[in-house]
Amino acid sequence: MSGSLDSYLILSGLLFAIGTFGFLGRRNAISMLMSIELMLNAVNLTIIAFGAFVKPLNVHASVIALIVIAVAAAEATVGLAIVMAIYRNKKTPLVDEYDSMSE
Amino acid sequence: MPIGQTLPFTAVRWDDVLFVVLAIMLLGSALLVVTMRDIIRCGLAMIASFASLAGIYVLLGNPLIAATQVLVYIGAISILVLFAIMLTQTKNAPTRLVFQTQAWVGAIAAVAIAAIIAGTVLTTTWPSTGAVAWTATSDIATMLFSQYVLPFEAVSVLLTAAVVGGVLLARREPPAGKEDRS
């Protein structure tokens, strides 16, 4: 089981689906950012799995995964700063109360 | 005495056992992240899912990515998320509704995505070697600083810009301003 590419790909697909549900379903903005982190982790798992099982991709996959991790860190920094800035104005972390555009 | 390739007295390989245990930990803690009511516990479950994913990277023969996962995700991003959680919680937040009213649409979309990915994976013949190839860290270093040096520099510029932008966005307004900050 651990020697087949399919099991890793299905595992990462399930992780991505869980992240999708969290992003679409949760009300808290920080929960949505955590779900995005889960989805990025699923993508990274796919990249590393292909690198481990397909010989010509071996080293390239690791480099791409390192870059994805760095970009995810940048995304988390900016996303959380935006949530903090909105929280200071609206006094709530819940995204369905950010409705000033519809009033 | 070294332990063998398989569990004692059975034909089950250690790799398979570790894969199943880590996969259950990963999916279980990810489900806790998206379903639990108390968001601080969601953050702690997120750390557990990052840790089990680092274990899976080791199973995939990539210790450098596993170490980076521990350093960056568990060490930096989780702490950032926990700080943000503790700075934005109101007292009544955990007792109120966790999901949007249309969360069932999101659930259907997630199940559809999982089914599509699983079907695609199972019906495609991948060019797989059938065994995990270990990745040498020195090979990654050579590749990163020769062929991928331009993306590497671009990422460093992006990280600097993100840190400066984060500080700028999260900073309080200067107290000299006359505007109403209610």
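The following dialogue walks through a predicted model of a complex with chains A and B.

Visitor: What confidence does the predictor give the complex, in ipTM and pTM?

Guide: The complex receives an ipTM of 0.91 and a pTM of 0.90. For chain B, the average pLDDT is 87, and 89% of the residues score at least 70. As a general caution, where pLDDT is low, the predicted coordinates should not be read in detail.

Visitor: How many helices and strands are there in chain A?

Guide: Chain A has 3 helices and 0 strands, and its elements run α-α-α from the N terminus on. The radius of gyration of chain A is 17 Å, whereas the globule rule gives 13 Å for 103 residues; the value is well over the rule, so chain A is more spread out than a compact globule. Along the principal axes, its C-alpha atoms fill a box of roughly 55 × 25 × 20 Å.

Visitor: What part of chain A is buried, and what part of its contacts joins residues 24 or more positions apart?

Guide: Of the 103 residues in chain A, 60% are buried. Among contacts in chain A with a separation of 6 or more, 50% are between residues 24 or more positions apart.

Visitor: How should I read a single helix, such as α2 of chain A?

Guide: Start with the general geometry: an α-helix has 3.6 residues a turn, so residues three or four places apart point the same way. Helix α2 of chain A covers residues 29-53, which is 25 residues. From its first C-alpha to its last it reaches 37 Å, close to the 36 Å expected at 1.5 Å a residue.

Visitor: Why is α2(A) described as largely enclosed by the rest of the structure?

Guide: Because 22 of its 25 residues are buried. A:Gly51 is a residue of this helix, and it counts as buried because it has 26 C-beta neighbours inside 10 Å, where 20 or more are required. Leaving out residues up to four places away in sequence, A:Gly51 touches A:Leu57, A:Asn58, A:His60, A:Ala61 and A:Ser62, as well as B:Thr135 from the other chain. A:Gly25 is 26 residues from A:Gly51 along the chain, and their C-alpha atoms are separated by 33 Å.

Visitor: How is the side of chain A that touches chain B made up, by element and by class?

Guide: In general, the size of an interface is often given as the accessible area lost when the parts come together. Here the description is by residues: 64 residues of chain A are in contact with 77 residues of chain B. Helices α1 (5-25), α2 and α3 (58-90) of chain A each supply at least two residues of that side of chain A. The largest share, 23 residues, comes from α3(A). By class, the side of chain A that touches chain B has 42 nonpolar, 16 polar and 6 charged residues.

Visitor: What is there to note about the backbone at A:Lys91?

Guide: The general expectation is that most residues other than glycine have a negative phi. A:Lys91 has a positive phi of about 60 degrees, although it is not a glycine. This residue is in the segment after α3 of chain A, and it counts as exposed because it has 11 C-beta neighbours inside 10 Å.

Visitor: Into which domains is chain B divided, and what elements does the chain hold?

Guide: Chain B is divided into domain 1 (1-94) and domain 2 (136-174), whose C-alpha centres lie 25 Å apart. There are 6 helices and 0 strands in chain B. Of its 182 residues, 20% count as buried. Residues 24 or more positions apart account for 51% of the contacts in chain B with a separation of 6 or more.

Visitor: Where do B:Val12 and B:Ala161 lie?

Guide: B:Val12 is in the segment before α1 (14-35) of chain B, and it counts as partly exposed because it has 13 C-beta neighbours inside 10 Å. Beyond its neighbours within four places in sequence, B:Val12 is in contact with B:Thr6, B:Leu7 and B:Val17. B:Leu80, 68 residues from B:Val12 along the chain, is 40 Å from it between C-alpha atoms. B:Ala161 lies in helix α6 (residues 149-170) of chain B, and is exposed, with 12 other C-beta atoms within 10 Å. B:Ala161 and B:Ala136 are 25 residues apart in sequence and 31 Å apart in space, C-alpha to C-alpha.

Note on methods
Residues numbered from 1 in each chain as written. Chains lettered and ligands numbered in written order. Predicted model: local features only at pLDDT ≥ 70, side-chain atom pairs only at ≥ 80, totals over all residues. Helix = DSSP H or I, 4+ residues; strand = E, 2+ residues; numbered from the N terminus. Expected span 1.5 Å × (residues − 1). Contact = placed C-beta atoms within 7 Å. Nonpolar A, V, L, I, M, F, W, Y, C, P; charged D, E, K, R; others polar. pLDDT = per-residue confidence, 0-100. Domains from an automatic or database assignment. Rg over C-alpha atoms; globule rule 2.2 N^0.38 Å.
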